[in-house]
Every structure is written in structure tokens, then in C-alpha cells.
Amino acid sequence: MLKVTDLNVHYGAIHALQGVSFNLQEGEIVTLIGANGAGKSTLLNTISGLLPAVKGKVDYLDEDITNLEPQKIVRKGIVQVPEGRKIFAAMTVMENLEMGAFTVTDKKLIADKVEEMFAKFPILGKRSKQLGGTLSGGEQQMLAIARGLMASPKLLLLDEPSMGLSPVLVEQIFDTIQSINNSGTSVILVEQNAQMALVIAHRAYVLETGKIVLEGDAQEVLQNPMVIEAYLGVT
Amino acid sequence: MNKNLVSPSLKRGLTFGIVMIIFVLIDLDVMVATMLSKLFGANVIRGSLPDVRFMVLFLILFGMFVGWSTSSDDAKPTTKLFQALVAGLTLGVVLGLFDLILNQLIVTGTDVRKYLAALAPESIRLFLFDQGAISPLLHLGLFTVASLLGSLMKILLKSESASRFFKGVKSGYQGLKAKAQANTPNWVKKYGKFLLFLLIGLLAFFLPRIWGSYNNYVVGLVGLYVILGIGLNIIVGLSGQLMLGFAAFFAMGAYSVALLNAPLPHGIMLGFWPSLLIGILMAVVAAVLLGLPVMGMRGDYLAIVTLGFGEIIRILLKSDLLTSFTGGPRGIQDIRGPTLFGQPFSSDIDYTYIILVVMVLSIIIYKRLERSRTGRAWLAVKEDTKVAQATGVNIMTNKLLALCLGAAFAGLAGGIFAARNQFTGPNDHQLMVSMNILSILIVGGVNSIPGIILGAFTLKGLPEILREIENYRLLVFGGLLVVMMISRPEGLWPATRPNIEKDEGNKLKEDGAPGEGGLND
């Protein structure tokens with residue numbers, strides 16, 4: 001479904017991604033794990049067109065989408081849920097959801113989608129007329145994910161969805177991700193919480209300073225001694 | 001403990017003393033006294049001085065304000081009085097010393113107008129109540145008593161019985177309102193809005209015929225600035241781009257109408273309406289030309305570039321190089337006014353009609369835009385460009401569209417402005433115009449139509465009416481902005497969003513008065 005080949009991205013003089021290649025099959029959850037500054041978010045931003053690639057190729061459904069404008073990539077069905085829950089704080093929950101469906105013009109479809117989101121996240125339904133900025137951290141993350149789902153993506157890019165949330169909420173978020181995946185959406189999941197990510201993912205890639213150093217089935221990666229030492233906090 | 005009480009009050013008295021001294025040095029005291037006298041119906045001829053009673057009144061009010069503001073909210077009454085006493089005495093002593101200097105000036109007959117243009121000996125005499133050497137004592141007594149009075153007023157008005165009284169009045173009023181609402185017949189509820197619009201429409205039709213050309217001029221000016229404010233609000237308020245050279249688009253409209261519709265320098269005489277359309281178009285073209293290269297910029301950088309753009313346009317219009325084309329520094333005269341069905345339509349009443357109609361149309365267009373998909377996209381771009389992009393908003397086109405639409409409003413206002421004045425020149429399009437429009441948004445309230453109207457009236461209408469403060473316009477302007485930023489940071493009439501519930505959790509339950517159920521629909 002998605003195939004990234006030899007991707008190179010620079011931030012000024014910093015060579016953030018140095019020839020990253022990976023792929024994703026339809027219906028999979030693929031997780032990218034790695035330390036701060038490894039290039040995980042950079043990779044997602046490049047796929048969704050927010051950052052330009054200097055070299056390399058991103059193929060999506062047998063089509064070259066490298067360096068396409070972000071709004072066009074969204075219309076092709078790749079939606080990113082950005083890091084840090086960036087919801088629109090001065091818009092209501094409802095308006096945030098409607099923004100998520102910006103590429104959809106069919107009003108009926110939007111209304112149906114909103115209903116679907118309220119069924120999936122009942123708390124958002126209760127708070128539909130509140131400003132996004134007044135929600136709690138967990139609710140904001142729910143809203144960010146729901147907003148991403150409004151455009152009915154085929155591929156959802158999740159950037160650190162568990163960041164700054166309490167353990168109970170983290171579990172809830174991961175359950176949600178799994179159920180999204182079960183209903184047919186492919187997911188690329190960037191996480192620092194490697195343990196949780198590896199449990200729900202099918203396959204995993206480990207990024208280190210802009211390069212992929214390890215890849216394989218999530219279960220294998222979970223048992224890899226290097227990963228255990230570096231990311232799972234077991235000594 | 002006692003020192004903690006004395007020192008802030010001393011400082012306050014000193015500060016207000018210095019404020020008063022500055023007032024005197026720029027003759028503002030006399031102006032305020034003049035305005036007070038007008039308030040009481042006294043007819044003061046321009047240039048002459050008001051009665052000394054009004055100077056006394058002004059100083060008493062000033063002293064009372066000092067006393068009021070010095071008394072801390074949570075202190076005991078005796079403490080409040082003590083604080084006011086200290087502040088009042090300090091104020092009196094500071095001004096008493098100042099009086100000695102002033103009195104010396106009078107006695108020696110020194111004229112200081114060489115250094116302080118506004119400080120005439122007559123003004124000094126008025127400030128000293130014309131009492132010479134004993135005026136310091138008079139001032140000391142006056143300020144002390146006034147300050148105590150102010151404090152006393154605060155004690156009385158903020159006391160519990162007073163607040164209970166106010167609460168009673170408020171609930172009584174609310175009860176009356178609810179009763180009136182319940183008793184309104186259905187047809188009023190249904191058609192009341194239309195009736196109100198009809199009434200306003202009738203007033204707008206007949207008033208310009210009755211109230212004379214001066215009022216028409218002021219209303220027209222306010223109306224034009226409302227249109228300009230709406231245009232700038234699309235750029236600044238909705239799409240979040242700080243624009244400082246808005247007058248350039250205004251100039252585009254004004255000069256298009258002027259050049260196409262005046263005997264000199266070209267003598268094209270195309271007629272008002274087509275040239276107004278071309279003016280709007282020219283403003284949009286200018287917006288595209290400016291927008292394409294600078295769309296990548298944000299915040300301060302965009303502000304600086306647009307400011308430069310505004311100045312470039314003005315200087316170009318003024319330059320010798322283009323004199324044969326734009327009329328140069330002297331501008332363009334004898335711009336022909338509009339016609340309607342072959343009849344001239346350019347009396348001051350007609351212009352008021354045109355401006356009011358255009359203003360209403362602008363408001364309607366603005367409201368439609370705000371609620372549209374594009375309006376939502378603008379808000380998203382304003383809040384977070386990256387995320388807006390990630391939801392599929394095309395940043396470039398949306399920002400450019402906002403700039404173009406805003407410019408179109410400016411071009412429209414500019415065209416009408418030029419035709420109404422029958423003249424336009426480079427000085428009509430100075431940086432100050434852009435600043436004024438931006439200030440209207442800030443003072444009135446960004447994204448709020450009533451706010452923009454109120455702001456335009458406050459900043460353009462009031463100074464016209466209160467011609468006396470002409471010399472102090474910038475001072476009052478600056479002071480107003482500072483006060484606004486502190487007391488009403490969102491503007492005089494901030495934008496409201498009706499569909500929002502506030503997350504007040506427990507508080508809502510406690511205050512769950514019957515009236516608040518309506519929020520939950």
C-alpha cells in the first residue's frame with residue numbers, strides 16, 4: 001500500500017532522514033519506534049507532504065506521491081494526526097470535527113461521520129459545543145484522532161498519540177487505535193511508548209539518527225535484546 | 001505594617017501629581033474644563049477660557065478619582081480613608097510646590113510659550129483659580145478633601161448594603177424583562193426582527209434628509225471606515241495575517257475612480273459606477289501582486305513588508321516621475337460624482353445613502369463569508385497553519401483569497417471616498433489611515449461587526465464631533481488604547497459565538513438559575 005524508498009530529508013544542515021526505506025501492507029499497523037530526534041515525526045511529516053524530501057520516493061497505491069502538496073495527499077486518503085494533539089483550541093468540538101472533513105463536500109456524509117465519531121467517542125458528543133481548548137488532555141487526543149478519522153482515511157498517521165496521558169488513558173487510546181485498524185484503516189504509529197506500540201502493531205521499524213536499524217514482526221522486535229535494552233527499559 | 005499602608009499611597013499621590021503637572025504643561029486641564037462646561041450647557045467660544053468653577057470641578061473629580069483608586073478594595077473603612085488622606089495630601093503638596101513655580105511665572109510676567117506652546121499665562125491663572133500666592137494652599141485643601149470624598153464614595157458604594165441594593169435592582173430588572181418577554185404577543189416575537197429592520201431602514205432613509213450636511217459627512221466617514229474595517233478584519237481577524245499597509249488598497253480604489261472620472265490629467269470621464277468596479281478590480285490585482293511573493297511570511301515580517309508596500313504606493317502616487325499620470329503631490333480635483341438613471345446622484349444625502357447601502361451589503365457579505373467553508377478554513381489557518389494543511393486546507397489560495405477580498409472592500413471604500421470628496425491626493429492614503437483602521441479593529445473588537453461599527457464611531461466619529469480635542473487626538477488615542485488593553489483586551493464589543501458552552505463544570509451546577517437552561521439546547 002505504502003512504499004518508501006531511500007528517503008532523505010534535511011532540516012537546513014541537519015540530515016534528518018538518511019535513506020529510509022520501509023513499506024506497509026493494506027490493513028496493517030506498522031509502528032516506528034526510536035529515541036527523541038531519531039526522525040520518526042520527520043518521516044510522517046514527509047509522507048504527508050509537510051516536509052520536502054531531497055531524495056527518495058514515496059509510493060502510495062502504485063502512485064508516486066513524493067513532494068505532493070499536503071492538501072492533495074489528504075485527498076488521496078492519507079491523514080496525519082499531529083504530535084501534541086494540535087486541535088483547534090478556539091473552535092468547538094463540532095467545528096474541529098467539521099474541519100477534519102474539510103476535503104469532504106457531501107453534507108450528509110459529514111453528518112453521518114460526526115454521528116459515527118460520537119458513537120465511538122461518547123465524551124465528544126457530550127462536549128460537542130465546547131471549545132476544543134477547554135477539553136482535558138485525553139479528550140483532546142480523542143478529538144485529534146476523531147478529527148483525523150472524519151476524512152475517512154485509508155491510511156492514518158498517528159504521531160505520539162499517548163504523549164502526556166495517564167496510563168488509563170493510554171490504554172484507552174491504544175484500544176481505540178486497534179479498533180480503528182479492525183475496521184479496515186491502515187495505521188502508521190509513531191510512539192515512544194514502545195512496549196504498548198509493539199503489542200498492538202503487526203510490524204515494527206526501529207529508527208536511530210535517521211536510519212532504520214532494525215525491522216521485523218512486532219513480536220520479534222519485542223523480543224530483540226537490543227530493543228529490550230534501549231527502549232523497553234529493562235536492564 | 002503602617003509603612004506598608006503609607007508607601008503605596010504616597011507613590012500613588014506622587015504619580016497622579018506628576019500626571020496633573022503634565023496635564024497643565026500641555027494645557028489639557030483647560031480643555032477638560034471646557035468640555036465640562038459644555039456638558040453643563042455653557043457656551044464657550046472657541047479660544048476663550050471656561051469659567052473658573054469648571055476648573056474647580058475638574059480638580060475635584062480628579063482628586064476624587066485619586067481617593068477612589070487609592071483605597072484598597074479589601075481594607076477597612078478607616079484604612080481606606082487613611083490611604084486616601086495620604087494620597088490626597090501628597091497630591092496637594094506636589095501640586096502646591098508646582099503652583100509656587102507657576103505663581104512665580106505669573107508674578108515675573110515670564111511667557112513660557114517659547115518652550116511650552118500651549119501654556120498661556122491665562123491658562124496658568126485659571127489653573128491657580130486666579131488667587132496668586134494662596135492657590136497652593138487652596139489646591140492642598142481641595143485635593144485632600146476631594147480624595148477623602150472619593151474614598152468615602154467607594155466605602156458607601158461598595159458597602160454590603162449598597163451591593164445588596166444593586167443586586168435587588170438587577171434582579172428586579174431581570175424579573176421585569178422576563179415578564180415583558182412572557183407578555184409579548186406572538187406576532188411581535190415572529191416579526192419583531194423585521195419591524196426593527198424596517199424601523200432602522202426608515203430612520204436611515206429620513207434622517208440624512210433632516211439632520212444636515214455636517215452630520216451626513218460624519219456618518220458617511222464612519223460608514224466608510226466600517227467598510228474598511230470589515231475588509232481589514234477579513235485579512236487580520238479571519239485569516240490571521242497582520243497587514244499594516246491597508247491604505248494602499250484604499251488608494252487603488254480612490255485613484256482608479258479619480259483618474260477615470262476627472263477632467264485632469266486624463267479626462268476619460270468613464271462614469272462613477274464602471275470606474276468604481278475597476279477600482280475594486282485594481283485593488284484585487286494589487287493584492288495578488290503583493291500576496292504572491294509574501295504569502296510565505298508570517299507575523300512581524302508580513303507586517304513590515306505590507307507596511308513598506310503601503311508607503312511605496314503612496315510615494316509613487318506623489319512622485320514627480322508619475323505626475324503626468326497620477327497628478328503628483330497636488331492630487332486630482334473635480335472628480336465627477338455618480339449618477340442614477342441618468343440623474344445626478346451626488347448630493348451629501350445621496351452619498352450617505354450610497355455608503356449606508358454599501359455598508360449593509362458589506363456586512364451581509366462578511367457574515368456569509370464568516371460562516372462559509374472558506375471562513376472556517378481561514379480560522380484554521382489562523383490557529384495552526386501546519387494542522388490546517390494536514391486537514392487538507394490549501395494555505396496559499398486561502399490566504400491569498402482573504403487578502404484579495406479584504407482589498408476589494410478597501411477599493412470599494414476608496415472609490416466612494418474619492419468621489420465624495422471630489423478630490424484625492426497622496427495625503428489621503430498615509431500610513432495613519434492604515435493604523436486607524438487597525439485601531440478600529442482593536443478598540444472595537446476583532447471579528448465582531450458591532451465592535452467594528454462602535455470602533456469606527458469611537459475613533460472616527462467622536463473626534464469629528466469633539467473638535468476641541470483635535471490637538472490632543474493622538475494623546476487620547478494612545479491613552480484609550482492603553483486603557484482598552486488593560487480593561488477590555490478583546491475590544492469594546494467582543495465577538496460572541498452563540499453555540500459555545502463554557503466548561504465551568506461545578507460552577508454551572510451551583511449557579512444553575514432557571515435562566516441558564518437555555519444554554520444547553
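Select chain B of this predicted model. Its secondary structure amounts to 21 helices and four strands. Along the principal axes, the C-alpha atoms of chain B occupy a box of roughly 70 × 70 × 50 Å. Of the 521 residues in chain B, 39% are buried. Take the contacts in chain B between residues at least 6 apart in sequence: 78% of them join residues at least 24 apart.

Colour chain B by domain next. The assignment gives domain 1 as 2–164 and domain 2 as 199–487. The centres of domain 1 and domain 2 of chain B, taken over C-alpha atoms, are separated by 42 Å.

**A helix pair in chain B**

Now select residues 212–238 of chain B, which form helix α9, together with residues 431–444 of chain B, which form helix α18. The two axes come within 9 Å and cross at roughly 75°. α9(B) is therefore roughly perpendicular to α18(B). To see the contact, show Tyr225(B), Leu228(B), Gly229(B), Leu232(B), Asn233(B), Val236(B) and Gly237(B) on α9(B). On α18(B), show Ile437(B), Leu438(B), Ile440(B) and Leu441(B). By class, the residues of this contact are eight nonpolar, three polar and no charged.

Move on to Met243(B), in the loop between α9 and α10 (247–260) of chain B. Is Met243(B) buried or exposed? Met243(B) has 29 C-beta neighbours inside 10 Å; 20 or more is the criterion for burial, so Met243(B) counts as buried. Neighbours within four places in sequence aside, the contacts of Met243(B) are Leu232(B), Ile235(B), Val236(B) and Thr306(B). Two of these, Leu232(B) and Val236(B), also appear in the contact of α9(B) with α18(B). Add Gly299(B) to the selection: Gly299(B) and Met243(B) lie 56 residues apart in sequence, with 8.9 Å between their C-alpha atoms.

**Across to chain A**

Show both chains. Their contact draws 25 residues from chain A and 18 residues from chain B. On the chain A side, the elements giving two or more residues are α2 (70–75) and α3 (93–100). Colour that side of chain A by class to find twelve nonpolar, eight polar and five charged residues.

**The hairpin of chain A**

Select residues 2–11 of chain A, strand β1, and residues 14–24 of chain A, strand β2. The strands pair in the antiparallel sense over eight bridges. One pair to label is Leu7(A) with its bridge partner in β2(A), Val20(A). The hairpin of β1(A) and β2(A) has two residues between the strands, and Gly12(A) there takes a positive phi near 60°.

**The six-stranded sheet of chain A**

The next selection is an open sheet of six strands in chain A, in the order β6-β7-β8-β3-β9-β10, with mixed pairing. Which strands stand at the edges? They are β6 (78–81) and β10 (211–217) of chain A; each has a single partner strand, so one side of each is left without a neighbour in the sheet. Direction ignored, neighbouring strands of the sheet are turned by 15° against each other on average.

Within the sheet, pick out β3 (residues 29–33) and β8 (residues 186–191) of chain A, which run parallel and are joined by five bridges. Label Ile33(A) and Glu191(A), its bridge partner in β8(A). Finish with helix α7 (residues 167–182) of chain A, which lies across β3, β7 (155–159) and β8 of chain A. Helix α7(A) runs at about 155° to β8(A).

Key:
Residues numbered from 1 in each chain as written. Chains lettered and ligands numbered in written order. Predicted model: local features only at pLDDT ≥ 70, side-chain atom pairs only at ≥ 80, totals over all residues. Axes fitted to C-alpha atoms, helices over the stretch in contact; angles between N-to-C directions. Parallel < 35°, antiparallel > 145°, perpendicular 65-115°, else oblique. Contact = placed C-beta atoms within 7 Å. Nonpolar A, V, L, I, M, F, W, Y, C, P; charged D, E, K, R; others polar. Buried ≥ 20, exposed ≤ 12 C-beta atoms within 10 Å, placed from the backbone. Pairing = 2+ DSSP bridges. Domains from an automatic or database assignment.
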